[in-house]
Amino acid sequence: MTPTFLTLDDIADLEERYQLATYKKMPLVAERGVGVWLYSSDGQKYLDLYGGHAVAGTGHSHPHVVAAIQAQAEKLLFYSNLVYSEARARAAEKLISVAPPELTKAFFCNSGTEANENAMRMARMATGRGNVITFSGGFHGRTADAISATFLGKYRELGRPNVPGHLKAEFGNIESVRALADSTVAAIMLEPIQSMAGVRTAEPQFFLALRELCDERGIVLIYDEVQTGVGRTGDWFFANSKAGSHVVPDIITLAKALGSGIPVGACLVTEKISASIKENDLGTTFGGGMIAMAAVSATIEAIENDGMLENVRAVENYLRQSLKEIPPVVSLRGCGFLLGLEFHDKAAPIHKALLDRKIITGTSSDPNVLRLLPPLCLKTSDIDLFVVKLKEAVAA
Ligand SMILES: Cc1ncc(COP(=O)(O)O)c(C=O)c1O
């Protein structure tokens with residue numbers, strides 16, 4: 001029988017007994033969160049620089065988001081796309097209002113992998129072609145088509161038999177893309193900053209060259225902004241940002257921070273793409289549900305109201321300066337609050353030593369890179385604390 005008060009060990013035992021062991025977990029029970037702070041059931045307070053896999057963009061339980069979800073829950077939890085909904089209408093309008101002007105319509109779904117599946121499908125419908133080029137080191141999700149588009153580590157193997165027609169180019173190398181981009185190719189899809197691969201970036205010219213190539217050969221350009229979107233880089237999206245030479249793709253895919261923790265994904269598309277999609281071509285039961293839509297609107301409003309984009313830029317600068325004091329950090333990759341700290345040596349012991357000091361960070365597929373994906377409301381005083389603890393962790 002389950003006891004009425006559960007300790008960390010009780011909860012861990014139950015999860016391990018009744019849940020598939022698919023994740024290695026940190027030894028803590030997450031109980032509540034406020035902004036950048038996560039509180040465990042034993043009363044400990046953690047500085048969360050990982051945000052639950054980049055989801056807590058507005059911080060944990062942002063009051064504006066919580067209030068919007070509560071208000072919507074009292075009115076109507078859900079109805080599908082067979083009816084109109086004020087929550088959905090407002091969310092779509094709000095999301096398109098912050099998107100690059102070329103992207104004029106949204107399709108709502110429930111996760112990042114689903115957004116990518118739909119983006120690839122739209123590209124095939126729009127072009128009448130089948131193949132999709134993606135990149136070494138890219139991660140796009142775990143459903144059949146998305147995992148087949150993932151050329152990072154072992155993931156693609158886990159999805160065997162893979163969906164045919166997925167071609168691999170080298171991230172940052174335009175010649176490798178040109179060599180594959182023939183008249184069979186429907187889409188080129190990329191994470192503009194490869195997060196799981198260790199926060200790998202490409203030169204701004206790479207994005208310009210991709211745009212030109214796609215225009216020249218009638219190929220749909222898809223940015224998987226599941227991690228980079230919704231303010232994480234200090235811009236609303238990597239698309240149209242200075243770091244990406246202001247290039248705008250034909251489709252952006254989103255999830256993670258879009259709902260501040262309520263599962264929601266989206267594809268943002270151009271008029272040209274939307275013109276090729278007809279009734280019943282795409283669909284999902286839960287996509288565009290009222291709770292998720294209330295969360296989307298409130299997430300964007302919270303980022304605007306609290307000046308989070310400006311905050312990301314200012315605090316990123318401060319972090320870059322502060323890390324100069326820590327010689328084992330050989331480089332700081334990425335931009336905004338999608339950052340990879342590269343060490344001379346393995347990052348895993350530092351990740352563990354930081355956790356012992358109540359700082360949550362992330363690892364990556366690059367063993368020497370520690371990833372930071374903090375809430376967009378992280379402050380310079382939080383950086384000061386992180387730097388003190390990082391120095392201790394490095395010394396340990
Ligand atoms: C860049 C990127 N694309 C797609 C996904 C898949 O998103 P989801 O886990 O919501 O399906 C992820 C998840 O980590 C991701 O980082």
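Here is a short question-and-answer chat about a predicted model of a protein with a ligand.

Reader: Let's start with the ligand. Which helix gives the most to the shell around the ligand?
Author: The ligand is surrounded by Ser111, Gly112, Thr113, Asn116, Phe139, His140, Gly141, Glu191, Asp224, Val226, Gln227 and Lys256. Sorted by class, that shell has two nonpolar, seven polar and three charged residues. The top helix spans residues 112-127 and puts in three residues, and its name is helix α5.

Reader: How much of the ligand's accessible area does the protein cover?
Author: Let's look at some of the polar neighbours before we get to the area. A backbone N or O atom of Phe139 sits 3.4 Å from a nitrogen atom of the ligand, and a side-chain N or O atom of Gln227 is 2.8 Å from a ligand oxygen. Lys256 joins in too, with a polar side-chain atom 3.0 Å from an oxygen atom of the ligand. On its own the ligand has 390 Å² of accessible area, and the share covered by the protein is 82%.

Reader: Is Ser364 buried or exposed?
Author: Look in the loop between β13 (359-360) and β14 (369-372) to find Ser364. Its relative accessible area is 18%, and the cut-off to compare with is under 20%. So Ser364 counts as buried.

Reader: Which backbone oxygen does the side chain of Ser364 reach?
Author: Setting aside neighbours within four places in sequence, Ser364 is in contact with Ser195, Met196, Gly198, Val369 and Arg371. A polar atom of the Ser364 side chain also has the backbone nitrogen of Asp366 at 3.1 Å. The backbone oxygen you want is reached at 3.5 Å, and it belongs to Val369.

Reader: Now for another serine. How far is the side chain of Ser322 from the backbone oxygen of Tyr318?
Author: Ser322 is part of helix α12 (residues 308-323), and it is buried because its relative accessibility is 8%. Leaving out neighbours within four places in sequence, Ser322 is in contact with Ile383 and Val387. The side chain of Ser322 reaches the backbone oxygen of Tyr318 at 2.7 Å.

Reader: Which side chain makes a polar contact with the side chain of Thr284?
Author: Thr284 is in the loop between α10 (271-275) and α11 (290-305), and at 21% relative accessibility it counts as partly exposed. Not counting residues up to four places away in sequence, Thr284 touches Asn81, Phe107, Phe108, Cys109, Asn110 and Glu114. The polar contact between side chains has a distance of 3.5 Å, and the partner is Glu114.

Reader: How far apart are the C-alpha atoms of Thr284 and Phe108?
Author: Thr284 also has a polar side-chain atom 3.5 Å from the backbone nitrogen of Phe286. Phe108 is another story, with 176 residues along the chain between it and Thr284 in the numbering. Even so, the C-alpha atoms of Thr284 and Phe108 are separated by 8.4 Å.

Reader: Let's talk backbone. Which peptide bond is cis?
Author: Most peptide bonds are trans. Pro161 is in the loop between α7 (155-158) and β6 (166-169). With omega near 0°, the cis bond runs from Arg160 to Pro161.

Reader: What is the phi of Lys358?
Author: Most residues other than glycine have a negative phi. Val230 has a positive phi of about 60° although it is not a glycine, and at 5% relative accessible area Val230 is buried. Lys358, in the loop between α13 (348-356) and β13, is partly exposed at 26%. Its phi is positive as well, near 70°.

Reader: What is the angle between the planes of Phe135 and Phe206?
Author: The structure holds nine aromatic pairs. Phe135 and Phe206 form one of them, at 5.8 Å centre to centre. The pair links strand β5 (residues 131-135) with helix α9 (residues 204-217), 71 residues apart. It is edge-to-face, and the angle is 80°.

Reader: Which residue forms an aromatic pair with Phe206 at 70° between the planes?
Author: Phe206 is buried, with 4% relative accessibility. Phe206 belongs to an aromatic cluster with Phe135, Phe171, Phe207, Tyr223 and Phe238. The pair at 70° is edge-to-face, 5.8 Å centre to centre, and the partner is Phe207.

How values were computed
Residues are numbered from 1 along each chain as its sequence is written. Side-chain values use heavy atoms; hydrogens and water are left out. A residue is near a molecule or strand if one of its heavy atoms lies within 4 Å of it. A polar contact is a pair of N or O atoms within 3.5 Å; within protein, one must be able to donate a hydrogen and the other to accept it, and residues adjacent in sequence count only if both atoms are side-chain atoms. Accessible areas come from the Shrake-Rupley method with a 1.4 Å probe; for residues, only the protein chains shown count as cover. Helices (H or I, at least four residues) and strands (E, at least two) are DSSP runs, numbered from the N terminus. Ala, Val, Leu, Ile, Met, Phe, Trp, Tyr, Cys and Pro count as nonpolar, Asp, Glu, Lys and Arg as charged, and the others, Gly among them, as polar. Buried means under 20% relative accessible area, exposed over 50%, partly exposed in between (1.4 Å probe, protein chains only). Contact means heavy atoms within 4.5 Å. Rings of Phe, Tyr and Trp (its six-membered ring) pair if their centres lie within 6.5 Å; planes under 30 degrees apart count as stacked, over 60 as edge-to-face and the rest as tilted.
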